[in-house]
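Dear colleague,

Please find below the structure for your review. My notes on it follow directly after.

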Amino acid sequence: MVNKRETLVLNASFEPLSTVSLRRAVVLVMQDKAVVERSHPGLRVRAAALELPVPQVIRLRRYVRVPFRQRAPWSRRGVLVRDRHRCAYCGRRATTVDHVVPRSRGGGDTWLNTVAACAADNHRKADRTPAQAGMRLVARPFEPTPADTLLLALNLRDGDTLPYWPAVPGAGDPVVSPAAAG
């Protein structure tokens, strides 16, 4: 089933702008304000005199100026999506979010202080830093750009990239930003 806000909207310059409902995406395509760049395989929208693929990514035909967005808002769901639901300590499936520096020790809810973690590692680390718990981060946290969060929100599978986008952060690779790697 297709999620309510699963269609990515790109500017005419291919810059990610936002996500919209399937209904809104179809309306933009029908009004000839956007074109379908990528669709859900095998899914189609049908009406009396219309049939078109269910859009996953649409691109506006005309460029729209947008104000500069410098930061993506932090959220638990965002951390899990950023880290591809992989534990930053062991690489297994993650269902919880761990604070690298625990909140009780002054650590905050920030992109650079939180990582996805499996329940076992989160429990084992407890109220300690990774060094105190004798644990090592196999994937360091990074702050995604607003554009990265829009692309990651599509839940693309490993190795799945958009044909016009150079690479999806984290797709098949450990979650380490270029800045953190250096």
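The remarks below concern the nonpolar cores and two polar side chains.

Please bear in mind that this is a predicted model.

The largest nonpolar core comprises 17 residues, and those touching the most other members are Leu 80, Cys 87, Tyr 89, Ala 94, Val 115 and Leu 137. Helix H2 and strand E6 (114–117) each supply at least two residues of this core; E6 gives the most, with three residues. Apart from this core lies another, of 13 residues, which includes Val 20, Ala 25, Leu 28 and Val 54. In soluble globular proteins, nonpolar side chains tend to be buried together.

Tyr 89 also deserves a separate entry. Setting aside neighbours within four places in sequence, Tyr 89 is in contact with Asp 98, Val 115, Ala 117, Asp 121, Lys 125, Pro 130, Met 135, Arg 136, Leu 137 and Val 138.

As for the polar side chains, Arg 82 belongs to helix H2, which spans residues 76–82. Arg 82 is classed as buried because its relative accessible area is 1%, under the 20% limit. The side chain of Arg 82 reaches the backbone oxygen of Thr 114 at 2.7 Å.

Gln 132 is located in helix H4 (residues 130–133). Its relative accessibility of 45% falls between 20% and 50%, so Gln 132 counts as partly exposed. The side chain of Gln 132 makes a polar contact with the side chain of Arg 105 at 3.4 Å, and a polar atom of the Gln 132 side chain lies 2.9 Å from the backbone nitrogen of Thr 129.

Kind regards

Notes. Residues are numbered from 1 along each chain as its sequence is written. This is a predicted model: local features need pLDDT of at least 70, side-chain atom pairs count only at pLDDT 80 or more; totals for chains, interfaces and linings use all residues. Side-chain values use heavy atoms; hydrogens and water are left out. Helices (H or I, at least four residues) and strands (E, at least two) are DSSP runs, numbered from the N terminus. Buried means under 20% relative accessible area, exposed over 50%, partly exposed in between (1.4 Å probe, protein chains only). A polar contact is a pair of N or O atoms within 3.5 Å; within protein, one must be able to donate a hydrogen and the other to accept it, and residues adjacent in sequence count only if both atoms are side-chain atoms. A nonpolar core is a set of buried Ala, Val, Leu, Ile, Met, Phe, Trp, Tyr and Cys residues joined through side-chain atoms within 4.5 Å. Contact means heavy atoms within 4.5 Å.
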